[in-house]
Amino acid sequence: MGPFNTERLYLRRFQLADLDSIWEMIYQDAAVYGQYSGIGGDFVAVEERVRYYAYQPLSSEFGRLAVTLKEGGQLIGQVHLDPHPILTADFDGDGFAFHRVEVELAFAFGRDYWGQGYAYEACLPLINYAFKTLKLPRLVGGAMADNERSIALHRRLGYRILPNPDKNDPMGFIAILDNLGL
């Protein structure tokens with residue numbers, strides 16, 4: 001998967017040299033990882049994940065990409081497409097089956113890069129790739145109930161936002177983006 005270019009960004013495979021930056025920017029900042037990941041604050045787990053994505057096969061259809069600014073090459077965040085098991089019941093009868101695997105588009109950016117449209121810009125090529133190249137029927141996502149920025153971004157990208165029926169899941173909302181081109 002990837003690399004992808006946008007007007008301001010370059011989305012590329014992770015490199016081992018990205019570890020310290022992504023650790024500081026996302027996984028050491030509770031305001032970021034608290035809305036995104038259960039491994040925040042665990043350097044060993046983050047290192048293992050970065051190594052995994054740095055060495056994923058070039059032919060991988062899914063994975064995590066480092067998001068860098070075209071101008072200067074600064075690492076500012078990450079986006080990814082990954083299989084995501086759905087283990088809960090149908091969402092309000094909309095046909096969203098449970099006990100199956102969907103594909104999640106997720107994102108996390110350093111706090112210094114919030115509110116500048118970078119996450120939106122970085123998600124667009126992944127949506128295009130997922131729908132036009134992989135021909136996926138939909139993408140899913142999630143957002144904590146109090147993560148208004150993530151909910152707004154999902155809506156801007158065209159996702160439907162539904163309450164999460166699984167009360168044990170920390171994600172308060174489920175986001176669904178249907179591939180209307182199929």
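**Strand pairing around β8 and salt bridges in the predicted model**

P163 stands opposite F173 of strand β8 in this structure, which is a predicted model. The two residues belong to a pairing in which strand β7, spanning residues 160-163, runs antiparallel to β8 over 4 bridges. Strand β8 (residues 173-178) also pairs in the antiparallel sense with strand β6 (residues 138-143), here over 6 bridges. Within the β6 pairing, L139 has L177 of β8 as its bridge partner.

The pairing of β7 with β8 is accompanied by a side-chain link, since R160 forms a salt bridge with D178 in which the closest N and O atoms lie 3.0 Å apart. This salt bridge connects distant parts of the chain, with R160 located in strand β7 and D178 in strand β8, 18 residues apart. R160 counts as partly exposed because its relative accessibility is 32%, and D178 is likewise placed in the partly exposed class because its relative accessible area is 30%.

In strand β6, attention falls on R138, whose side chain is joined to that of E102 by a polar contact of 3.2 Å. The relative accessibility of R138 is 12%, and R138 therefore counts as buried, the limit for this class being under 20% relative accessible area.

Side chains of opposite charge can pair when their charged atoms come close. Over the whole structure, the search finds 6 salt bridges, one of which, between R160 and D178, has been described above. A further salt bridge is formed by R64 and D82, with a separation of 4.0 Å between the closest N and O atoms. Here too the pair links distant parts of the chain, as R64 lies in strand β3 (residues 63-69) and D82 in strand β4 (residues 75-86), with their positions 18 residues apart in the numbering. Both R64 and D82 are buried, whereas R160 is partly exposed.

A salt bridge within a helix is provided by E47 and R51, whose side chains meet at an N to O distance of 3.5 Å. The two residues are 4 positions apart in helix α3 (residues 43-54), so that about one helical turn separates E47 from R51. With a relative accessible area of 24%, E47 is partly exposed, and R51, at 39%, is also partly exposed.

Technical notes:
Residues numbered from 1 in each chain as written. Predicted model: local features only at pLDDT ≥ 70, side-chain atom pairs only at ≥ 80, totals over all residues. Heavy atoms only, no water. Pairing = 2+ DSSP bridges. Buried < 20%, exposed > 50% of the residue type's maximum accessible area, 1.4 Å probe, protein only. Polar contact = N/O pair within 3.5 Å; in protein donor to acceptor, adjacent residues only side chain to side chain.
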